[in-house]
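Welcome! Take a look at the structure below, and then let us walk through a few of its contacts together.

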Amino acid sequence: MPNSSVTGGDERRFLRRAALVLAALAAVYLFWQLSGPLLLAFGAVIVAVLLRTIADPITRRTPLPDGVAVLVAALTVAALLAAAIWLFGSVIADQTQELVANLPTSAAELQSMVASWPFGDQIAGLDGSGLIGGAGGLVGRVGGYAVGTLGVITSFVLLIVAGVFLAANPRTYRDGLIVLFPPDRRPVLREAADTTGRALKAWLTGQLVDMVVVGVLTGVGVALVGLPSPLALGLIAGLLAFVPIVGAIAGAVPGLLLAAQGGWELMGWTLLVYVVVQQVEGNLIYPFIQKRAVELPPVLTMFGILAFGALFGFAGVLVAAPLLVVLFVNVRLLYLRKTLGEDITVPGEVAKPTDRRVKPASSSRPRRPLRSAEE
C-alpha cells in the first residue's frame with residue numbers, strides 16, 4: 001500500500017498549486033474588470049512624476065518643505081499653460097477651426113477626393129467596402145466618443161487631483177502598497193519602486209523634450225511649404241509625439257489630408273516635411289534622449305502600443321509607453337537580476353560609488369630589509 005503521508009503531501013502540493021493558479025486567474029479577471037480605474041490611477045502616477053521632476057530640484061536648492069515645493073511645481077505648470085494659452089490660444093483656436101473646416105468632414109468628401117487620384121477608384125472602394133468605408137465607420141465612432149466629453153473632463157480633473165496628492169507624499173503610498181507583501185520581500189520591492197520612479201522621471205523628461213522639438217520642427221516645416229494652420233499642425237504633431245512610433249504616423253495625417261486638396265506638388269512637399277522631421281527625431285533626438293532615459297527596443301515599443309490599444313482602447317495607447325517602461329525596468333531588476341542572477345544594468349538605477357580608498361603610503365614605498373641581530 002502507498003505511504004499515506006507521501007500521498008497526503010502530494011495532495012497538499014497539488015491543492016496549493018491549484019489555489020495559486022485560481023488566484024492568478026482571479027487577479028487577471030479583476031484587473032480586466034477594473035482596467036479603466038487602474039489606467040486612470042497610472043495616469044495619476046505620470047502626473048505625480050511630472051510634478052516631482054520639477055519639485056525635487058526646488059527642494060534640494062531651497063529651504064522650502066516638500067509639500068510646498070510640489071505646490072510650486074503645480075502652480076508653475078499651470079502658469080506655463082496659462083501663458084501659452086494667452087500668447088497663442090486665439091491664433092491656435094482660429095487655425096484649428098480653419099483646419100477642421102478645410103479637412104474632409106465626411107467619408108463622402110474623402111471618397112470623392114481620393115477617387116480623383118490615379119487609381120483612386122480602387123483605393124477608395126466606391127462600393128463602401130474599401131478603405132473609405134472603414135473611414136466612414138471611424139467618423140461614426142468619433143461622433144459616439146464625443147458624447148462622453150463630460151466623462152472625459154471628469155476623469156481628467158480626477159487624474160490631476162490624484163496626481164497632486166501622490167506627488168505631495170509618494171513614500172506613504174509606496175510603503176502602504178509594499179506592506180501588503182511579506183517582510184523579507186519588502187526591501188527588494190522598495191528598491192524596484194524607487195528605481196521605476198527614477199526611470200519614469202527620466203523617460204518623461206526626455207519625452208517632453210522630444211514633443212517640443214517635433215512640434216516646433218513640424219510647424220516651421222509646414223509653414224515654409226505654404227500649408228495653412230502651421231501652429232495647429234505643429235501642436236497636433238507635438239502632442240501625438242507622446243506616443244512613440246504610432247504618434248508620428250497619426251500626426252502626419254491632418255497635414256497630408258490638408259495638402260492633398262492643394263495638388264500633388266503641395267502634398268509631396270508636405271510629405272517631405274513630415275519624413276524629414278521624423279528622420280531627425282528618430283535618428284538624432286530620440287536616441288540621444290533614450291541614452292539618458294530608458295532604451296526601449298523599437299519592436300517591443302511598437303507591438304506593446306498595438307497590444308495595449310487592442311486591450312484597452314485609446315487610453316491604452318496613451319499609457320502604453322510608460323507602462324512598457326515600468327515592465328521593462330521591473331523585469332530586468334526583479335527577474336533577470338534578482339531571480340536569475342544576471343549581471344545587467346537597470347534603467348533608473350543609482351550608480352554605486354566606486355571604491356576610491358587610498359592605499360597606505362607605506363605600501364607604495366619599498367620596504368627596507370630587516371637587519372639581523374648580529375649586524
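Asp194 is partly exposed (between 20% and 50% relative accessible area, 1.4 Å probe, protein chains only), because its relative accessibility is 29%. Its side chain meets that of Arg174 in a salt bridge, 2.7 Å from N to O; the term stands for a side-chain nitrogen of Lys or Arg within 4 Å of a carboxyl oxygen of Asp or Glu. This pair links distant parts of the chain, with Arg174 in helix α8 and Asp194 in helix α9 (residues 186-224), 20 residues apart. Helices here are DSSP runs (H or I) of at least four residues, numbered from the N terminus. Arg174 counts as buried (under 20% relative accessible area), because its value is 19%.

Before going on, please note that this is a predicted model, where local features need pLDDT of at least 70, side-chain atom pairs count only at pLDDT 80 or more, and totals for chains, interfaces and linings use all residues. Residues are numbered from 1 along each chain as its sequence is written, and side-chain values use heavy atoms, leaving out hydrogens and water.

Which residue forms a salt bridge with Asp175? Arg190 does, with the closest N and O atoms 3.6 Å apart. Again the pair links distant parts of the chain: Arg190 lies in helix α9 and Asp175 in helix α8, 15 residues apart.

Helix α9 also holds Glu191, whose partner Lys338 sits in the loop between α14 (314-337) and α15 (361-364), 147 residues away. Their side chains meet at 3.5 Å, N to O. In total, the structure holds seven salt bridges.

Terms used:
Helix = DSSP H or I, 4+ residues; strand = E, 2+ residues; numbered from the N terminus.
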